[in-house]
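Here is a note to read beside the model. Keep the structure open and check each point as you go.

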Amino acid sequence: MTVLKTRPEIEKMRASGKVVARALRAMSEAIVPGKTSPADLDALAARIVSEAGGTPSFLNYRGFPANTCISVNQVVVHGIPTNVPLEEGDIVSLDMGVLLDGWHADGAWTYPVGSIGKEAQRLLNVTEESLYQGIAKARVGNRIGDIASAVQKYVEKNGYSVVRDLVGHGIGRKLHEEPGSVPNFGSPGKGELLRDGMTICIEPMVNQGTYKVRTLPDKWTLVTTDGKLSAHFEHTIAITRDGVEILTLEA
Ligand code: MG
């Protein structure tokens, strides 16, 4: 059952979300092409979260072995941070959750490493905008399918595809809770009704080529089956009678 949050509870999730946003920005600013590795960024995120008094939500989640998921180029999501430096022209998706004072927030952003190609930049722009197209439909009285179809329409209109195997989710006292599925594809008017106090993660994963993905032998890393690029943008949001609020922002 979807747990609706009170205003004070949403306030707490906003505090967690601030730490997520701050850590993502700090990681992105720390990237030096040819030098910084995903493992360096993971350590930086851990430090920021711990200084804020929180814990990384992903560490040991179903056995995940790191603080953050860091996914480079054709890696869609759930990349385990490695010691291999990021290279000029890469795109890197940083995904992390923070548990603070009993409440989770979860966010992701894909960043360019140095200067990147035009097509890669367009993928980032379209994926980011698709997230906001979805958020615009997150209104009391709408349904999950309204969000899902808005994301899908925008992405496909721009010639890309949305990943089917992974979806957004409810969030709160648990990292993943009801609604168990906030997809990035679907039909308007379908799915769970959006109500005052719902907190969910919308997280389009957008591929340049096929939407099909496969898992590497490490059982975590998800890659595109055609080896083309993938991007991932995510916000934790609160849906209230007064409107939608993005909780994973710094200010
Ligand atoms: Mg998430």
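**Notes on the metal site, a helix and a strand**

1. The magnesium ion has these protein donors: D106 (OD), H169 (NE2), E203 (OE) and E234 (OE), 2.2 to 2.4 Å from the ion. Donors are N, O and S atoms within 2.8 Å of the metal (3.2 Å for Na, K and Ca); water is not among the atoms, so sites may look incomplete.

2. This is a predicted model: local features need pLDDT of at least 70, side-chain atom pairs count only at pLDDT 80 or more, and totals for chains, interfaces and linings use all residues. Residues are numbered from 1 along each chain as its sequence is written, and side-chain values use heavy atoms, with hydrogens and water left out.

3. Along the chain, the donors follow the spacing D-x62-H-x33-E-x30-E. E203 sits in the loop between β9 (198-202) and β10 (205-207), and E234 in the loop between β13 (230-232) and β14 (235-240); they are 31 residues apart. Helices (H or I, at least four residues) and strands (E, at least two) are DSSP runs, numbered from the N terminus.

4. Are E203 and E234 buried or exposed? Both are buried. Buried means under 20% relative accessible area, exposed over 50%, partly exposed in between (1.4 Å probe, protein chains only).

5. Strand β4 (residues 91-100) is mostly covered, with nine of its 10 residues buried. β4 runs antiparallel to strand β5 (residues 103-112), joined by 10 bridges. Two strands pair if DSSP finds at least two bridges between them. L99 stands opposite H104 in β5. The two strands form a hairpin with two residues between them.

6. On its other pairings, β4 is joined antiparallel to strand β2 (residues 69-72) by four bridges.
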